Structures are given as structure tokens and as C-alpha cells.
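Here is a small set of exercises to work through with the structure open beside you. Try each task before you read its solution.

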Amino acid sequence: MHGRRVDAIVSRMTVRAAAAVVRPTGANALAEVSVAAVRERRSADIGLGLAADVSEVHVAPEEIQHAIEALLDNALDAVENRVARDGAAFVASVVLSTRCDAASVVIEVADNGGGISVEDRARV
């Protein structure tokens, strides 16, 4: 299921990328907006770990926000599936973090769900 969703997202992003406008954007602000949108839509508990030294990035913000939201949705699906499998004792965790890494800004979504299936790993 997740593999098909990733394929669809990549296809849509490829089509939309030609019209995307790249501009300086605060990475932390982009992360916060993405998390807020998913929290509102899914009533989800998503942690934030935003590094203070993260600068602006030159990106198409709408496209990056869409990608971040898709990653958050996948992470939430994974932990929800694990809760269904392991029961109420399992404590789900989804965290979006930012950090600087050499000359790059890293936006990372981490979760403690079940991981990507073997069938989908080759496609991701």
C-alpha cells in the first residue's frame, strides 16, 4: 500500500515541479506548518525537534511541505498499524526534526512503527 502511495506522490511531484517557484524559505517554519496541517487533519500527536541554527533553504515550499506531510502521514499510518498489532501497551512516537549537516539542512521524520515491508524497500 505505502509503495503505491509513494509512487503516486513522486509522479504528482514530478508533474508539478516544472511549475514550482523556488524561493528562500525558513526550514523550521516549513516544518512547523507541515506538522500543524497534519495535526489538524488527523488529530495526531507529532513531536517537534527544531534546531535553532537551521537557516533558510532555497526550495519550492509548497512541494516540500507536500512531501513532509506525506512522510508524516506514512509515519502515522505505521504507528497506528503497530498499535493495532501490539495493543494499547505500545507507545507510538512520530517526531519531525531539523538540523544542519555540513552544508545541508536536514528535515527528518522518525517513527517507531513497523518499518517498510521487504516488498516495498526496493521501491523506496
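**Getting oriented**

Read from the N terminus on, the elements of this protein follow the order α-β-α-β-β-α-β-β-α. The model is a predicted one, so keep that in mind as you go along.

**Exercise 1: The overall make-up**

Task: State how many helices and strands the protein has, what percentage of its residues count as buried, and what percentage of its contacts join residues at least 24 apart.

Solution. Start with the secondary structure, which comes to four helices and five strands. Next, take burial: 31% of the 124 residues count as buried. Finally, turn to contacts between residues at least 6 apart in sequence; of these, 73% join residues at least 24 apart.

**Exercise 2: Two helices that meet**

Task: Work out how α2 and α3 are oriented relative to one another, and which residues make the contact.

Solution. Begin with the helix axes. Helix α2 covers residues 27-42 and helix α3 covers residues 61-86; their axes come within 9 Å and cross at roughly 45°. An angle over 35 degrees and under 65 is neither roughly parallel nor roughly perpendicular, so α2 is oblique to α3. As for handedness, α2 passes α3 in a right-handed crossing.

Now list the partners. On the α2 side, the contact is made by Leu30, Val33, Ser34, Val35, Ala37, Val38, Arg41 and Arg42. On the α3 side, the residues are Pro61, Ile64, Gln65, Ile68, Glu69, Leu72, Asp73, Leu76, Asp77 and Glu80. Sorted by type, the residues of this contact are 10 nonpolar, two polar and six charged.

**Exercise 3: The nonpolar core**

Task: Find which residues have the most contacts inside the largest nonpolar core, and follow Ile46 to its partners.

Solution. The largest nonpolar core holds 18 residues. Those with the most contacts inside this core are Ile46, Leu72, Leu76, Val94 and Leu96. Two or more residues each come from α2, β3 (56-59), α3 and β4 (94-101). As background, nonpolar side chains in soluble globular proteins tend to be buried together.

Then look at Ile46. Setting aside neighbours within four places in sequence, Ile46 is in contact with Val35, Val38, Arg39, Leu72, Leu76, Val94 and Leu96.

**Exercise 4: Positive phi outside glycine**

Task: Compare Ser43 with Ala102: what is the phi of each, and is each residue buried or exposed?

Solution. For context, most residues other than glycine have a negative phi. Ser43 is not a glycine, yet its phi is positive, at about 50°. Ser43 sits in the loop between α2 and β2. Its relative accessibility is 69%, and exposed means over 50%, so Ser43 counts as exposed.

Ala102 is not a glycine either, and it has a positive phi of about 60°. This residue lies in the loop between β4 and β5 (104-111). With a relative accessible area of 84%, Ala102 is exposed.

**Exercise 5: Apart in sequence, and in space**

Task: For Asp45, Ala29 and Ser104, give the location, the exposure class and the C-alpha distance to a partner residue.

Solution. Take Asp45 first.

- Asp45 is placed in the loop between α2 and β2 (47-50). Asp45 counts as exposed because its relative accessibility is 70%. From C-alpha to C-alpha, Asp45 and Leu76 are 9.0 Å apart in space and 31 residues apart in sequence.
- Ala29 is in helix α2. Its relative accessible area of 41% makes Ala29 partly exposed. Between Ala29 and Leu50, 21 residues apart along the chain, the C-alpha atoms are separated by 9.5 Å.
- Ser104 belongs to strand β5. Ser104 is partly exposed, with a relative accessible area of 41%. Ser104 and Ser55 lie 49 residues apart in sequence, and their C-alpha atoms are 9.5 Å apart in space.

Terms used: Residues numbered from 1 in each chain as written. Predicted model: local features only at pLDDT ≥ 70, side-chain atom pairs only at ≥ 80, totals over all residues. Heavy atoms only, no water. Axes fitted to C-alpha atoms, helices over the stretch in contact; angles between N-to-C directions. Parallel < 35°, antiparallel > 145°, perpendicular 65-115°, else oblique. Left-handed = near helix turned anticlockwise from the far one by under 90°. Contact = heavy atoms within 4.5 Å. Nonpolar A, V, L, I, M, F, W, Y, C, P; charged D, E, K, R; others polar. Core = buried A, V, L, I, M, F, W, Y, C linked by side-chain atoms within 4.5 Å. Buried < 20%, exposed > 50% of the residue type's maximum accessible area, 1.4 Å probe, protein only.
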